[in-house]
Amino acid sequence: MPPVHPDPTEVIEAWIPHDARWQAQAREHARHGSERLRLYVTELVRDHRDGTRPISDDFDLRTLKTVVEDLRSGGLSDVDWRRVAQALTHPGLR
């Protein structure tokens, strides 16, 4: 039986709320809606940028690479950003 991989939404839900480097910014963006959150996380993962600050730390870049690998072929486009925003702003509702 092939290994079961989490869906892309589960990957982001498990990562961003618990990563101290980016969770505060992600929560702030989520308070302004799922589209703002999607843009923020996309910049982190795809562009290696936290707002206007480029991400160059090797540990941070390895973390982002692992997230991309966990997302599989659909990538960030398969994430349910409303669900992630809800997990960030109302963690007990899930």
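Select Ile 12 to begin, and display what surrounds it: leaving out residues up to four places away in sequence, Ile 12 touches Pro 17, Val 41, Val 67, Leu 71, Leu 76, Val 79, Trp 81 and Val 84. The model on the screen is a predicted one, and every value in this tour is computed from it. Ile 12 sits in helix α1, and with a relative accessibility of 0% it counts as buried. If you draw a distance from its C-alpha atom to that of Val 67, a residue 55 positions away along the chain, you should read 7.8 Å.

**The nonpolar core**

Next, widen the selection to the largest nonpolar core, which has 22 residues, and colour those with the most contacts inside it, namely Ile 12, Trp 15, Ile 16, Leu 37, Val 41 and Leu 44. At least two residues of this core come from each of α1 (8–15), α2, α3, α4 (58–71) and α5, and α3 gives the most, with five residues. As a general background to such a selection, nonpolar side chains in soluble globular proteins tend to be buried together.

From the core, pick Leu 44 and show its contacts beyond four places in sequence, which are Trp 15, Ile 16, Trp 22, Arg 49, Asp 50, Ile 55 and Leu 64. Two tryptophans appear in that list, and they are the next stop. How many aromatic pairs are there? The count comes to one, and the pair is formed by Trp 15 and Trp 22, whose arrangement is edge-to-face, with 5.9 Å from centre to centre and 65 degrees between the planes. Trp 15 is buried at a relative accessible area of 10%, and Trp 22 is buried as well, at 0%.

**Helix α2 and its two sides**

Now select residues 23–31, which make up helix α2, and mark its buried residues Ala 26, His 29 and Ala 30. Why do these three lie on the same side of α2? They do so because they cover an arc of only 100 degrees around the helix axis. Turn the helix to its other side, and Ala 24 and Arg 31 are found to be exposed. If you then bring back the surroundings, what covers the buried residues of α2 includes α3 (34–45) and α5 (81–89).

Keep α2 and α3 in view together: their axes come within 6 Å and cross at roughly 150 degrees, and the two helices are therefore roughly antiparallel to each other. The residues that make this contact are Gln 25, Ala 26, His 29 and Ala 30 from α2, and Arg 36, Leu 37 and Tyr 40 from α3. Before leaving α2, step along to Gly 33, which follows the helix and has a positive phi, near 120 degrees.

**Helix α5 against α3**

Swap α2 for α5 in the display, and the picture changes: α3 and α5 pack at an angle of about 95 degrees with their axes 9 Å apart, and they are therefore roughly perpendicular to each other. On the α3 side the contact is made by Ser 34, Leu 37, Arg 38 and Val 41, and on the α5 side by Trp 81, Arg 82, Val 84, Ala 85 and Leu 88.

Val 84, which lies in helix α5, deserves its own selection. Val 84 counts as buried at 0% relative accessibility, and, with its neighbours within four places in sequence set aside, it is in contact with Thr 9, Ile 12, Glu 13, Ile 16, Leu 37 and Val 79. A distance drawn from its C-alpha atom to that of Arg 36, 48 residues away along the chain, gives 12 Å.

Is Thr 89, also in helix α5, buried or partly exposed? Thr 89 is partly exposed, with a relative accessible area of 27%, and, not counting residues up to four places away in sequence, it touches Arg 27, Ala 30 and Arg 31. Between Thr 89 and Ile 16 there are 12 Å, C-alpha to C-alpha, and 73 residues in sequence.

**A last stop in a loop**

Finally, select His 48, which is placed in the loop between α3 and β1 (49–50). Its phi is positive, about 55 degrees, although His 48 is not a glycine. In general, most residues other than glycine have a negative phi. His 48 counts as partly exposed, at 31% relative accessibility.

Terms used: Residues numbered from 1 in each chain as written. Predicted model: local features only at pLDDT ≥ 70, side-chain atom pairs only at ≥ 80, totals over all residues. Heavy atoms only, no water. Buried < 20%, exposed > 50% of the residue type's maximum accessible area, 1.4 Å probe, protein only. Helix = DSSP H or I, 4+ residues; strand = E, 2+ residues; numbered from the N terminus. Arc of directions from axis to C-beta. Contact = heavy atoms within 4.5 Å. Core = buried A, V, L, I, M, F, W, Y, C linked by side-chain atoms within 4.5 Å. Phe/Tyr/Trp six-rings, centres within 6.5 Å; stacked < 30°, edge-to-face > 60°. Axes fitted to C-alpha atoms, helices over the stretch in contact; angles between N-to-C directions. Parallel < 35°, antiparallel > 145°, perpendicular 65-115°, else oblique.
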